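Please open the model in a viewer and display side chains as sticks. The tour below proceeds from one aromatic site to the next.

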Amino acid sequence: MKNTEQFSCAECTGKYCARKAPIFSVLDNLQLSDVMSMIQRRRYKKGQVIFFEGDVSDKFYIINMGKIKIYKYNKEGKEQILYILSEGDFIGYLSLLKKGKVDFNAEALEDVSVCILTKDDFDKIVKKTPEISLRILENLHDRLVSLENLVQTLSTKDIETRIAALLRNFVKDFGREEEEGTVIDLPLSREEMANYIGVTRETMSRKLTAMEEEGVIELVGNKKVVIKDAEALEEMS
């Protein structure tokens, strides 16, 4: 069920949504103000679906706060996660090029606030600042590379390699350096991580425990991992 709430700009953690999106980095302050005047704001609770595969969409979503998973269901009805998106990322750029149906689902992994532009309003922005189109193409390239890497990871039979590659991606996107190592606040549950790389939850838990015993990682509860040996992790992936 797609229940949403509107929220005021005062609830945007003091920052403009547009400033958080790299594609709008070419805009000056006056242009950013114009963009903000067009933006609608919505909030989604953890677990709420933002849109379903097959929905008609003519909107551009900027993630102001929180994380969103983009996923599809395979022929067996299992969830396949395609991307994990966070603050500053955006969804719906293809809908801005041509109105149509979205071919994936989007769900809030935690409480999320998003800023929304309609296609008509986005067209006005691009006409004034066509450089934004180049930023979108750059982002599209990055996501295609990410998908290619996912396909390559899923094609290997070595489960340890899949898990190591997943953790390295999390390091890049969500890791932070601390005294004990690189700390990752996991954006997914163990089951979601397992679905992401096509293994069972039991296998995921068993392999993570084995990696901890080998001194490669340290598990801190269910939502945090510390990378203790980055070189070993790289060799595994």
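Across the whole structure, a search finds six aromatic pairs; rings of Phe, Tyr and Trp (its six-membered ring) pair if their centres lie within 6.5 Å, with planes under 30 degrees apart counting as stacked, over 60 as edge-to-face and the rest as tilted. Select Phe 60 and Phe 90 to begin: their ring centres are 5.1 Å apart and their planes meet at 35°, so this pair is tilted. The pair links distant parts of the chain, 30 residues apart, with Phe 60 in strand S4 (residues 59-65) and Phe 90 in strand S7 (residues 90-91); strands are DSSP runs (E, at least two residues), numbered from the N terminus.

This is a predicted model, in which local features need pLDDT of at least 70, side-chain atom pairs count only at pLDDT 80 or more, and totals for chains, interfaces and linings use all residues. Residues are numbered from 1 along each chain as its sequence is written, and side-chain values use heavy atoms, with hydrogens and water left out.

Are these two rings buried or exposed? Phe 60 is buried, at 0% relative accessible area, and Phe 90 is also buried, at 1%; buried means under 20% relative accessible area, exposed over 50%, and partly exposed in between (1.4 Å probe, protein chains only).

Next, select Tyr 71 and Tyr 73, an edge-to-face pair with 5.6 Å between centres and 90° between planes. Tyr 71 is buried at 3%, whereas Tyr 73 is partly exposed at 46%. Add Lys 69, which lies over the face of Tyr 71 at 5.2 Å from the ring centre; such a charge has NZ of Lys or CZ of Arg within 6 Å of the ring centre and within 35 degrees of the ring normal.

Finally, select Phe 51, Tyr 61 and Phe 104, which form one aromatic cluster.

Definitions and conventions:
Helices (H or I, at least four residues) and strands (E, at least two) are DSSP runs, numbered from the N terminus.
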